[in-house]
Amino acid sequence: MGCVNGKCCSPCQPTSDGESREYREATPYSVQGKHILTQIPLESVSVPSHNFHLDYSVLTQRGYYPDSPDKQNQDSFCIRTQIQGNPNIHFFGVFDGHGHYGAECSNFVKDRLVEILADDPSLSDDPVKAFNSAFLATNRELHDSDIDDSLSGTTAITVLVVGNTLFVANVGDSRAVIAVKDGNRIVAEDLSNDQTPFRKDECERVKQSGARVLTVDQVEGFSDPSIQTWGDEESHGFDPPRLWVQDETHPGAAFTRSVGDWTAEQIGVVAVPEVSVVQVSANDLFFVVASDGVFEFLSSREVVNMVARYTDPRDACAAIAGESYKAWLEHETRTDDITIIIVQIKGFSNMDQVGPI
């Protein structure tokens, strides 16, 4: 859910090894170790300090825009393993651009954010501080770049694995969720909180910076603008509260944090991430990092339950993309861009010997 005018799009983006991933309508199966859907092998990386490994896959699919068939995918993603040459530090991120230059913004941020993180000597000692510094520095660089980010920007949901700890930094309304085994059940636990005007704390924060918070119907005079309660995203997602400059009809942002968006920054939209810290345990099965193209109509629980049905994360990615696409078309005449990273946690034991990070 981006700007009021919808989302522009850009080509699907390469991972750190330069290979491009794009969703195709196909029946997934394996041929000589490669997956027919993506024609890539299943990726895996070790975390030797705690003697476990991560199997992962990524899929990105452009939205269906019947009025603009030539639009390209505006999402991007970044997977970077062994940050700073350290075999115990790995990065996974999804970036959901919005606005006319949203594609350029998401590409810029997915490249620069991880580069700035990797150049920070304090990363392994204080990842939270490094994350905050990297987001703010990336935002400044985007403002100073040749990209017009006055009404364009990107969300960013990122997970940094440092040994047996996940550092999750979020700006915007994309999401990360982890699957946890609880007896015979698998439960979904959000690793991030969507930053939108539906959240009372975020709504009050941007109002204090001068934002008007209204739905489109309220701006256009069809609903009472004095009503300042909108329920939740499930009940009011069809016309969510948005941020507007006083006495103007822009930018119409449905988020309260982003990278870029210089105009919205003047009314309280910030690039400061919310960072959560989670210790991995033997009950943690996998985590998902995805754009709101996935979570707009699927709950965290539904996504986790669906992923849990597949042993191969490539099959799970395809299933989630297909179900998200279907859900969009059940509610609207178009779909959003959809990007999902699934990371399986394999071989972790609470009794494993801890080595140096």
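Two directions count as oblique when the angle between them is neither under 35 degrees, nor over 145, nor from 65 to 115. This cut-off serves for the helix pairs described below, in a structure that is a predicted model.

The description may start with the helices. Two packed helices are described by the angle between their axes and the distance between the axes. For helix α1 (residues 102–118) and helix α2 (residues 127–144), the axes come within 9 Å of each other and cross at roughly 140°. The pair α1 and α2 is therefore oblique, and α1 passes α2 in a right-handed crossing. On the side of α1, the residues that meet α2 are Cys105, Phe108, Val109, Arg112, Leu113, Ile116 and Leu117. Their partners in α2 are Ala130, Phe131, Ala134, Phe135, Ala137, Thr138, Glu141 and Leu142. Sorted by character, the residues of this contact between α1 and α2 comprise twelve nonpolar, one polar and two charged.

Helix α1 also holds Ala103. With a relative accessible area of 6%, Ala103 falls under the 20% limit and is therefore buried. Ala103 and Gln72 lie 31 residues apart in the sequence, while their C-alpha atoms are 8.5 Å apart in space.

A second helix pair occurs further along the chain. Helix α8 (residues 300–308) and helix α9 (residues 313–331) have axes that come within 9 Å and cross at roughly 140°. That angle makes α8 oblique to α9, and the crossing of α8 and α9 is right-handed. In the contact, Val303, Met306 and Val307 of α8 meet Ala316, Ala319, Ile320 and Glu323 of α9. The residues of the contact between α8 and α9 divide into six nonpolar, no polar and one charged.

The strands come next. Strands of a sheet pair through backbone hydrogen bonds, either parallel or antiparallel. Strand β18 (residues 338–346) is mostly covered, with eight of its nine residues buried. Strand β18 pairs with strand β5 (residues 52–61) in the antiparallel sense, over nine bridges. Within that pairing, Ile338 in β18 stands opposite Gln61. Strand β17 (residues 284–290) also runs antiparallel to β18, and five bridges join the two. Here Ile341 in β18 has Val289 opposite.

Elsewhere, three strands form an open sheet in the order β12-β13-β14, with antiparallel pairing. Its edge strands are β12 (212–214) and β14 (251–253), each of which pairs on one side only. On average, neighbouring strands of this sheet are turned by 30° against each other, direction ignored. Strand β13 (residues 242–244) is joined to β14 by two bridges in the antiparallel sense, and Trp244 stands opposite Pro251 in β14.

Pro251 leads to the backbone geometry. Most residues other than glycine have a negative phi, and most peptide bonds are trans. The peptide bond from His250 to Pro251, however, is cis, with omega near 0°; Pro251 itself has its place in strand β14.

Positive phi values appear in two loop residues, Asn51 and Gln82. Asn51 is not a glycine, yet its phi is positive, at about 55°. Asn51 belongs to the loop between β4 (43–47) and β5. Its relative accessible area of 54% is over the 50% limit, so Asn51 is exposed. Gln82, likewise a residue other than glycine, has a positive phi near 55°. Gln82 is placed in the loop between β6 (75–80) and β7 (89–98). At 42% relative accessibility, Gln82 lies between the limits of 20% and 50% and therefore counts as partly exposed.

One further loop residue completes this account. Ile227 is found in the loop between α4 (216–219) and α5 (233–236). With a relative accessibility of 42%, Ile227 counts as partly exposed. Along the chain Ile227 and Leu214 are 13 residues apart, and 8.6 Å separates their C-alpha atoms.

Key. Residues numbered from 1 in each chain as written. Predicted model: local features only at pLDDT ≥ 70, side-chain atom pairs only at ≥ 80, totals over all residues. Heavy atoms only, no water. Buried < 20%, exposed > 50% of the residue type's maximum accessible area, 1.4 Å probe, protein only. Helix = DSSP H or I, 4+ residues; strand = E, 2+ residues; numbered from the N terminus. Pairing = 2+ DSSP bridges. Axes fitted to C-alpha atoms, helices over the stretch in contact; angles between N-to-C directions. Left-handed = near helix turned anticlockwise from the far one by under 90°. Contact = heavy atoms within 4.5 Å. Nonpolar A, V, L, I, M, F, W, Y, C, P; charged D, E, K, R; others polar.
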